[in-house]
Amino acid sequence: MIFYFSGTGNSLYAAKSIALHNNEELVSISAAVNTGNECFEYSLKDKERIGFVFPIYAWGPPKMVLEFIGKLKLNHYRDNYIFSVATCGGNIGNTMKVMDRYLKKKGMHLNGQFSIKMPNNYILMGDVDSEKVEKEKRFAADETLKRINPTIEQRTSGEFGLDKGLLAWLLTGFVNPMFNKNAMNTVKFHVNDHCTGCGICEKVCNCNTIHLVNKKPQWGKRCAQCLACIHYCPSKAIQYGKSTEKKGRYTHPEISYHEISMK
């Protein structure tokens, strides 16, 4: 069983590859969290693998992923093989230590630890990669998945290809909590006159916080900072303050907004 969280498709692409190779079921984390349930309960098959696939947000797991783990209940858990795959534009800091800490609170342990570099999409700081770099990263990601898949199939434990970067303890221990505390708001989101009222932003929102009013999106208070609304907008009408107006957009070319919205 593979639990995934994805904003613009990188992590869903990786999760689909792993699920297909290992014949495992895909489960959307945002779909579970948006039910509002106090417990997310699943029954495991004998020796079933358990995976968590997600993007890096400020050198840590998305807040929604940790919220999900905190309410997770796995029936018939018998020291099953647990792995985590983080997709990132650069490095991941001490993300896997955070994951292992949260899993241990639930009586579980992280066995396989993996990271995959994929095209950048966090345009609130920086910009998307050039077309050349994007293609190079996607090709390299496919090669990485070719190594990850048999490793997961064989239930191998350890760290594999983790790029933690410099000062990982500082980035994950201090920058990430500040990001989770101060960046999870919707105040600066707005839409310009290019909006056609197509409703794609409402469909792809991982927090179900966007709703069309008079055919224009309005944001509630919840936000995961996945930026799916910005990147999947076909008319580039959604902005975040003034920081995104002249920047590019990116979604994984093999993941449609329909797949992101299936949550």
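This section describes the overall build of a predicted model of one protein chain and then turns to selected residues within it.

The secondary structure of the chain consists of nine helices and 12 strands. The radius of gyration is 18 Å, close to the 18 Å that the globule rule gives for 263 residues, so the chain is as compact as a globular protein of that length. Along the principal axes, the C-alpha atoms fill a box of roughly 55 × 40 × 35 Å. Of the 263 residues, 53% are buried. Among contacts with a separation of 6 or more, 80% are between residues 24 or more positions apart.

The surface of the chain may be described in similar terms. The accessible surface comes to about 12,700 Å², and carbon and sulfur atoms contribute 53% of this area. The chain carries 35 positive and 24 negative charges, and the mean positions of these two sets are 6 Å apart.

Helix H3 illustrates how buried residues are covered by other elements. This helix spans residues 63–70, and its buried residues include Met-64, Val-65, Leu-66, Phe-68 and Ile-69. Both helices and strands contribute to the cover over the buried residues of H3. Among the helices are H2 (29–33) and H4 (95–105). The strands include E1 (2–4), E3 (40–43), E4 (50–55) and E5 (72–75).

Buried positions also occur in loops. Thr-186 is placed in the loop between helix H6 (168–182) and strand E9 (189–191). With a relative accessibility of 11%, Thr-186 falls under the 20% limit and therefore counts as buried. When neighbours within four places in sequence are left aside, the contacts of Thr-186 are with Trp-219, Gly-220, Lys-221, Arg-222 and Cys-223.

A second loop residue, Leu-162, lies between strand E8 (158–160) and helix H6. Its relative accessible area is 19%, and Leu-162 is therefore buried, the limit being under 20%. Leaving aside neighbours within four places in sequence, Leu-162 is in contact with Ile-92, Met-96, Gln-113, Phe-114 and Ser-115. The C-alpha atom of Leu-162 is also 8.9 Å from that of Gly-93, although the two residues are 69 residues apart along the chain.

Charged side chains were examined next. Side chains of opposite charge can pair when their charged atoms come close. The model contains 11 salt bridges. One of them joins Lys-132 to Glu-136, with 2.5 Å between the closest N and O atoms. These two residues are four residues apart in helix H5 (residues 131–153), so they are separated by about one helical turn. An α-helix has 3.6 residues a turn, so residues three or four places apart point the same way. The two partners fall into separate accessibility classes: Lys-132 is exposed at 58% relative accessibility, whereas Glu-136 is partly exposed at 41%.

Helix H5 holds a further pair of this kind. Arg-138 forms a salt bridge with Glu-134, and the closest N and O atoms are 3.4 Å apart. Arg-138 and Glu-134 are likewise four residues apart in H5, about one turn of the helix. Another salt bridge links the side chains of Lys-164 and Glu-159, with an N to O distance of 3.5 Å. In this pair, Lys-164 is partly exposed, with a relative accessible area of 26%, and Glu-159 is partly exposed at 48%.

Finally, the backbone was considered at two residues other than glycine that have a positive phi. Asp-79 has a phi near 55 degrees and is located in the loop between strand E5 and strand E6 (82–88). The relative accessible area of Asp-79 is 62%, which is over the 50% limit, and the residue is therefore exposed. Gln-225 has a phi near 60 degrees. This residue lies in the loop between strand E11 (216–219) and helix H8 (228–232). At 2% relative accessibility, Gln-225 is buried. The two loop residues with positive phi thus lie on opposite sides of the accessibility limits, with Asp-79 exposed and Gln-225 buried.

Terms used:
Residues numbered from 1 in each chain as written. Predicted model: local features only at pLDDT ≥ 70, side-chain atom pairs only at ≥ 80, totals over all residues. Heavy atoms only, no water. Rg over C-alpha atoms; globule rule 2.2 N^0.38 Å. Buried < 20%, exposed > 50% of the residue type's maximum accessible area, 1.4 Å probe, protein only. Contact = heavy atoms within 4.5 Å. Areas by Shrake-Rupley, 256 points an atom, 1.4 Å probe, with all protein chains shown as cover. Lys, Arg positive; Asp, Glu negative; His and termini not counted. Charge placed at Lys NZ, Arg CZ, Asp CG, Glu CD. Salt bridge = Lys/Arg side-chain N within 4 Å of Asp/Glu carboxyl O.
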